[in-house]
Amino acid sequence: MSDYKLLRFDINATYKNQKKFDCGDDMINDFVHTKLKRRVKKNLSQAFVLLDKEENFIAFYTLDSFSITRELFEEKQGLPPIIPVIKLGMLGVDKKYQSIGVGKRLLRDAFIKVVEVSNFVGCAGIYLLAQKGAISFYQKLGFIKLKDEIPAPMFLDISLIKIFEPLPNNKKG
């Protein structure tokens with residue numbers, strides 16, 4: 001994956017083929033095509049984009065500050081009523097680049113950023129809402145499903161993120 005470039009999304013930049021991005025999920029595609037720039041511009045999210053060697057927009061993810069309630073957890077003992085987390089708001093990989101480890105590379109980068117944030121502000125972990133087809137992907141990485149609903153609220157504790165074994169760049173999966 002050395003031919004790829006991961007950058008912070010720049011609201012003043014134009015990304016080649018961003019409007020043609022297709023990950024197979026209409027909601028995520030619409031977000032990339034019409035809402036991503038506005039959301040970052042308003043400072044509601046930070047986004048990171050992956051470009052291929054021709055500088056095409058091929059994948060992205062967003063991070064948001066967020067909080068969840070202890071009611072989401074089975075074991076509530078010792079938890080405060082409100083739990084600060086970083087939310088993985090969106091993650092998408094163009095269909096042409098799926099199943100070659102791109103999603104894992106993006107998550108690895110997100111984990112690094114979440115650990116960095118946790119060194120400066122309270123952060124219990126990373127939270128996301130997974131569509132049905134993505135639940136097993138996240139579970140294999142250690143996320144737990146907090147409720148049995150779709151999209152599924154999922155959580156990965158900061159202590160697990162801090163010891164997460166970075167995946168090699170060339171690992172398929």
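**View A. Arg70 and its salt bridge with Glu71.** In this predicted model, Arg70 is partly exposed, with 26% of its relative accessible area showing. Its side chain meets that of Glu71 in a salt bridge, at 4.0 Å from N to O. That pair belongs to a structure holding 7 salt bridges, and two others get their own views below.

**View B. Lys95 reaches Asp22 through a salt bridge.** Here the closest N and O atoms sit 3.2 Å apart. Look at where the partners come from: Lys95 is in the loop between E4 and H2, while Asp22 is in the loop between strand E1 (5-8) and helix H1 (26-41), so the bridge ties together parts that are 73 residues apart in sequence. Lys95 is partly exposed, at 49% relative accessibility. Asp22 is partly exposed too, with a relative accessible area of 28%.

**View C. Asp148 and Lys145 make a salt bridge.** For this pair, the closest N and O atoms are 3.0 Å apart. Asp148 counts as exposed, with 71% relative accessibility. Lys145, on the other hand, is partly exposed at 34%.

**View D. The largest nonpolar core, with 31 residues.** Which residues have the most contacts inside it? They are Tyr61, Leu88, Leu91, Ile126, Tyr138, Phe143 and Met154. At least two core residues come from each of strand E2 (46-51), strand E3 (57-69), strand E4 (82-93), helix H2 (102-118), strand E5 (125-130), helix H3 (135-140), strand E7 (152-157) and helix H4 (158-162). H2 gives the most, with 6 residues. As a bit of background, nonpolar side chains in soluble globular proteins tend to be buried together.

**View E. Tyr61 and its contacts.** Skip the neighbours within four places in sequence, and Tyr61 is in contact with Gln46, Ala47, Phe48, Leu88, Met90, Leu91, Leu106, Asp109, Ala110 and Lys113. Two of these partners, Leu88 and Leu91, also appear in the list of residues with the most contacts inside the largest core. Elsewhere there is a second, separate core of 15 residues, and Phe31, Leu36, Val40 and Val49 are among them.

**View F. Ile86 in strand E4.** Is Ile86 buried or exposed? At 11% relative accessibility, Ile86 counts as buried. Leaving out the neighbours within four places in sequence, Ile86 touches Leu63, Asp64, Val114, Val117, Cys123, Gly125, Ile126 and Tyr127. For a sense of scale, pick out Leu6 as well: the C-alpha atoms of Ile86 and Leu6 are separated by 20 Å, and the two residues are 80 apart along the chain.

**View G. E7 and the strands it pairs with, E5 and E6.** Of the 6 residues of E7, 5 are buried, so the strand is largely enclosed by the rest of the structure. On the E5 side, the pairing is antiparallel over 6 bridges, and Leu128 has Met154 as its bridge partner in E7. Strand E6 (residues 144-145) also pairs with E7 in the antiparallel sense, over 2 bridges. There, Ile144 stands opposite Phe155. A hairpin through 6 residues joins E6 to E7.

**View H. Aromatic pairs, of which the structure holds 13.** One of them is Tyr4 with Tyr97: the ring centres are 6.2 Å apart and the planes lie at 85°, so the pair is edge-to-face. Tyr4 lies in the segment before E1 and Tyr97 in the loop between E4 and H2, so this pair ties together parts that are 93 residues apart in sequence. Both tyrosines are buried. Another pair is Phe137 with Tyr138, also edge-to-face because the planes are at 75°, with ring centres 5.1 Å apart. Phe137 is partly exposed at 22% relative accessibility, whereas Tyr138 is buried at 8%. Ring pairs also link Phe9, Tyr15, Phe21, Phe31, Phe57 and Phe60 into a cluster.

**View I. Cys23 and Cys123.** How many disulfides does a search of the whole structure find? The count is 0. Cys23 is buried at 12% relative accessibility, and Cys123 is buried with a relative accessible area of 10%. Cys123 also turns up among the contacts of Ile86 in View F.

Key
Residues are numbered from 1 along each chain as its sequence is written. This is a predicted model: local features need pLDDT of at least 70, side-chain atom pairs count only at pLDDT 80 or more; totals for chains, interfaces and linings use all residues. Side-chain values use heavy atoms; hydrogens and water are left out. A nonpolar core is a set of buried Ala, Val, Leu, Ile, Met, Phe, Trp, Tyr and Cys residues joined through side-chain atoms within 4.5 Å. Buried means under 20% relative accessible area, exposed over 50%, partly exposed in between (1.4 Å probe, protein chains only). Helices (H or I, at least four residues) and strands (E, at least two) are DSSP runs, numbered from the N terminus. Contact means heavy atoms within 4.5 Å. A disulfide is a pair of cysteine sulfur atoms within 2.5 Å. Two strands pair if DSSP finds at least two bridges between them. Rings of Phe, Tyr and Trp (its six-membered ring) pair if their centres lie within 6.5 Å; planes under 30 degrees apart count as stacked, over 60 as edge-to-face and the rest as tilted.
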